[in-house]
Amino acid sequence: MSDEFDAVVDTVRARVSPTDDERAQLQRVADAVMADAEAAIADLPVGAEVVQVGSTARGTWTAGDRDVDVFVCFPPSLDREQLEEYGLAVGHDVLPDGREEYAEHPYVVGEREGYAVDLVPCYAVEDATEIQSAVDRTPFHTRYLQERLDDDSAGEVRVAKQFLKGIGVYGSDLRTQGFSGYLMELLVLEYGCFRAFVEAVADWHPPVRLDPESHGSETFDDPLVVIDPTDPERNVAAVLSEANVATLQHHARTLLAEPRASLFTEDDPDPFAAADVEAAVSRRETTPVALRFAAPDVVDDQLWPQLRKSLDGLRSELDRREFEVLRSAAFVEDDSGEAEPLDTERQERDAVLLLEFAVAERPTVERHEGPPVHVREHASGFFGKYDDDPDVAGPFIDGDRYVVERPRAFTTATGFLSSDAIYDVGLGPRIESALETGYEVLVGTDIAALADGFGVDLASYFEPKP
């Protein structure tokens, strides 16, 4: 089995390792971008340092990646407004056809000879614990890993990254909630090689805590805690979801039991057509209800937390109203994670909140329990509220408390989701605004209309895999 595992890893390593020509070409472009940035800084009233960061600077990028990350590090004394102004000025000078993106502060993304370039301003703080912006840590991460990674360990990192890409848990964006490149580099260094990493993961019992520099000063309530070696107060794995930890464990055990290269290749399901959706709904005999609306025009790292918050709010309220939610999901159209063309504006896209009900219809009355009779003040208030109400049965005593059977506000989940009552749950503010603009409610097999635009999402939903 060891020979079989090693053979698979050797095959993958050869496939994901950039050639010498590929490395030289990328570095030539990165050097040109940095030179242009340094020239642009010369026109500013403040000095700054230009550094290459990310996986291309550390040699851990995989073949085919065409991303160049360059940071412009300004003095910490510069106020935020000037940082943004000067950072954008350099960005637009270097990438005149680029566009502005926004994380904690704006930066410029563009294209140079077919490479996607991010040009990001940050503060040149002396210590990662003194950051004024989240991106200020990145140069520290690059320096830390450059001092510790060699060609062999970088090759192990590339294999590990490709494995996580293949099983769908790579990426620290808030849609994926997976493993960042920096986290993977630290984990490979921690365990020594890809195989040791996989063997350790297979036996993890979360919560797992790792502290490469033995300097952690905080506690975290996360399934995986990896203390940032440059910042004792930060968990590098904070964004990682519990489900993605479990997914990694499942596939680590699969790889060890039956090594195969296919685990290192992303395998999206074939998209469902409308007929596939109709068949799945009919077979399950549930009641799916989908809310389709225009997605707010915000970056995905702002959109996805609000979608999840909205879905959680709706699900909690519907469960409280005794509609049994079997499963739920959120979809966003054209959200493959790939970069959009830099010469186009973002296109309006739809979003979907899908709730599938095992019980979608309830009786016209609902049971409502009051306080125990012996809690005199509250019990009397409850009794007085409903006494002589012709629309309720009761109050009567069941056990030690007053109970009434009152008319149910909504007898169907669809009725609730079609009403203004949805705005009383904990929706994300941008999602609430989008729904107020208008949304479509699709029920049962009518959700087959979503196949055009969400076919892969629906296939993954109705035929889920680890």
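How far apart do the C-alpha centres of domain 3 and domain 4 lie? They are separated by 37 Å in this predicted model.

**Figure 1. Overview of the protein chain and its domains.** The chain is divided into domain 1 (16-134), domain 2 (151-263), domain 3 (274-362 + 411-462) and domain 4 (365-407). Domain 3 is thus listed in two segments, 274-362 and 411-462. The secondary structure consists of 15 helices and 14 strands. Taken along the principal axes, the C-alpha atoms fill a box of roughly 85 × 60 × 50 Å. The chain has 466 residues, of which 47% count as buried. Counting contacts between residues at least 6 apart in sequence, 68% join residues at least 24 apart.

**Figure 2. Helix α6 (residues 151-167) and its two ends.** The 17 residues of α6 should span 24 Å at 1.5 Å a residue, and the distance of 25 Å between its end C-alpha atoms agrees with this. Of these 17 residues, 15 are buried, so α6 is mostly covered under the cut-off of 20% relative accessible area. At the start of the helix, a side-chain oxygen of Asp150 comes to within 3.2 Å of the backbone nitrogen of Asp152. Just after the helix, Gly168 adopts a positive phi of about 85°.

**Figure 3. Packing of α6 against helix α8 (residues 194-202).** The two axes come within 9 Å and cross at roughly 45°. At that angle α6 is oblique to α8. On the α6 side the contact is made by Glu156, Val159, Ala160, Phe163 and Leu164, and on the α8 side by Phe194, Arg195 and Phe197. Residues three or four places apart in an α-helix point the same way, because there are 3.6 residues a turn.

**Figure 4. Surroundings of Arg195 in helix α8.** Arg195 has a relative accessible area of 22% and is therefore partly exposed. Leaving out residues up to four places away in sequence, Arg195 touches Ser2, Phe5, Asp6 and Glu156. Glu156 is also one of the α6 residues in the contact with α8. Ala252 is 57 residues from Arg195 along the chain, and the C-alpha atoms of the two are separated by 9.5 Å.

**Figure 5. Glu101 in strand β3 (residues 99-102).** With a relative accessible area of 12%, Glu101 is buried. The side chains of Glu101 and Arg99 are joined by a polar contact of 2.9 Å.

**Figure 6. Thr286 in the loop between α10 and β8 (287-294).** Thr286 is buried, at a relative accessible area of 16%. Its side chain makes a polar contact of 2.6 Å with the side chain of Glu356. Residues touched by Thr286, not counting those up to four places away in sequence, are Val281, Leu326, Glu356 and Phe357.

**Figure 7. Helix α15 (residues 451-462) and what covers it.** The end C-alpha atoms of this helix of twelve residues are only 12 Å apart, short of the 16 Å that a straight helix would reach at 1.5 Å a residue. The buried residues of α15 are Ala451, Phe454, Gly455, Leu458, Ala459, Tyr461 and Phe462. Their cover includes α10 (274-284), β9 (324-332) and β10 (350-359).

**Figure 8. Two cis peptide bonds.** The bond from Pro206 to Pro207 is cis, with omega near 0°. Pro207 is found in the loop between α8 and β6 (208-210). The bond from Gly394 to Pro395 is cis, with omega near 5°, and Pro395 lies in strand β12 (residues 393-398).

**Figure 9. Positive phi at Gln177 and Glu322.** Gln177, a residue other than glycine, has phi near 55°. Gln177 lies in the loop between α6 and α7 (181-191) and counts as partly exposed at 23% relative accessibility. Glu322, also not a glycine, has a positive phi of about 75°. Glu322 is placed in the loop between α11 (300-320) and β9, and at 38% relative accessibility Glu322 counts as partly exposed.

**Figure 10. Gly64 in the loop between α3 (55-58) and β2 (67-74).** Gly64 counts as exposed because its relative accessibility is 52%, and the cut-off for exposed is over 50%. From Gly64 to Pro207 the C-alpha to C-alpha distance is 35 Å, with their positions 143 residues apart in sequence.

Terms used:
Residues numbered from 1 in each chain as written. Predicted model: local features only at pLDDT ≥ 70, side-chain atom pairs only at ≥ 80, totals over all residues. Heavy atoms only, no water. Helix = DSSP H or I, 4+ residues; strand = E, 2+ residues; numbered from the N terminus. Expected span 1.5 Å × (residues − 1). Buried < 20%, exposed > 50% of the residue type's maximum accessible area, 1.4 Å probe, protein only. Polar contact = N/O pair within 3.5 Å; in protein donor to acceptor, adjacent residues only side chain to side chain. Domains from an automatic or database assignment. Axes fitted to C-alpha atoms, helices over the stretch in contact; angles between N-to-C directions. Parallel < 35°, antiparallel > 145°, perpendicular 65-115°, else oblique. Contact = heavy atoms within 4.5 Å.
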